[in-house]
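User: Please take a close look at the metal-binding part of this model and describe how it is put together.

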Amino acid sequence: MLRIGNHLPASKDYLAMAKHAQRLGANTFAFFTRNPRGGTAKPIDEADLQKFHAYAAEYGIDRLVAHAPYTMNLCSAKPEIRQFGRTMLRDDLQRMEYTPNQYYNFHPGSHTGQGTETGIAQIADALNEILTPEQHTIVLLETMAGKGSEIGRSFEELEAILERITCAEKIGVCFDTCHAWDAGYDIAGDLDGVLTQFDRIIGLNRLYAVHLNDSMNPCGTHKDRHQKLGQGEIGLEVLTRVVNHPALRNLPFILETPNEDEGYAAEIAMMRAAVSQG
Ligand code: FE
Ligand code: FE
Ligand code: ZN
């Protein structure tokens with residue numbers, strides 16, 4: 001069974017998110033752990049979580065892909081921003097323990113002029129300070145478009161972070177189709193080749209989730225402008241091959257396309273129709 005859902009708008013509770021996902025025909029979803037601009041997270045409501053777990057079990061929602069706020073930058077040139085990022089990451093991972101065995105995705109960061117090597121070292125240091133062997137969450141580095149000073153524009157950069165992480169079994173990758181395409185990975189021309197490269201450099205065993213997006217821009221433009229499935233430069237035929245690919249088909253697919261509910265429900269139905277196993 002295809003696992004597909006979208007990044008839901010902010011909600012006051014987990015049960016409401018699960019119901020929202022279910023209404024859209026989704027069996028997985030993404031959400032911001034707090035305001036995407038950062039700030040304080042809403043307190044955990046244990047009664048809500050109990051209802052959420054029961055509802056999710058009933059409707060087969062078994063995979064959450066939480067998303068860190070965009071302001072979390074573990075490799076900013078400003079020490080106070082790096083520290084703020086560590087505080088949010090630590091707090092978010094504590095909160096994730098209320099939904100154990102799920103994924104927490106984040107943008108590795110922007111080095112803001114310090115250089116890629118320094119950035120990679122700072123990200124790895126932060127993760128090594130915060131990840132523990134006891135945690136029940138897998139933390140995912142997202143493949144990035146390479147806008148500005150973003151780290152994670154290549155599989156090599158992601159691997160350079162991954163190889164430094166002590167708790168290796170608690171870290172992995174989330175593959176964003178729009179970002180990878182914008183970064184220069186030609187998934188339209190050679191999907192197998194891109195995945196072979198991913199496997200050689202990082203390892204497909206470290207790939208846990210896919211952000212399924214079309215792109216407004218051609219391959220290699222480093223823009224990061226998401227488009228609705230089939231209305232961008234990647235195209236529906238390629239995105240259909242992505243969800244059907246044997247190396248990917250069992251992963252959760254999260255839509256981050258510019259849609260309202262109706263559009264998301266239509267994209268979810270369209271992708272379900274496009275896979276042989278439904
Ligand atoms: Fe993201
Ligand atoms: Fe993404
Ligand atoms: Zn993006």
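Is Asp224 buried or exposed?

Analyst: The model is a predicted one. Asp224 has a relative accessible area of 17% and is buried, because buried means under 20% relative accessible area. His226 comes out at 18% relative accessibility and also counts as buried.

Both residues belong to the zinc site. The zinc ion (ligand 3) takes its protein donors from His179 (NE2), Asp224 (OD) and His226 (NE2), at distances of 1.9 to 2.3 Å. Along the sequence these donor residues show the spacing H-x44-D-x1-H.

From the zinc ion (ligand 3) to the iron ion (ligand 1) the separation is 5.3 Å. The iron ion (ligand 1) is coordinated by His67 (NE2), His107 (NE2) and Glu142 (OE), with distances of 2.1 to 2.3 Å. The chain spacing of the donors of this iron ion (ligand 1) is H-x39-H-x34-E. Distant parts of the chain are linked by the pair His67 and Glu142: His67 sits in strand E3 (residues 63-67) and Glu142 in strand E6 (residues 138-142), 75 residues apart.

Glu142 has a second role in the geometry. Glu142 forms a bridge between the iron ion (ligand 1) and the iron ion (ligand 2), and these two ions lie 3.2 Å apart.

As for accessibility at the iron site, Glu142 has a relative accessible area of 0% and is therefore buried. His67, at 2% relative accessibility, counts as buried too.

Notes:
Residues are numbered from 1 along each chain as its sequence is written. Chains are lettered from A and ligands numbered from 1 in the order in which they are written. This is a predicted model: local features need pLDDT of at least 70, side-chain atom pairs count only at pLDDT 80 or more; totals for chains, interfaces and linings use all residues. Side-chain values use heavy atoms; hydrogens and water are left out. Donors are N, O and S atoms within 2.8 Å of the metal (3.2 Å for Na, K and Ca); water is not among the atoms, so sites may look incomplete. Helices (H or I, at least four residues) and strands (E, at least two) are DSSP runs, numbered from the N terminus. Buried means under 20% relative accessible area, exposed over 50%, partly exposed in between (1.4 Å probe, protein chains only).
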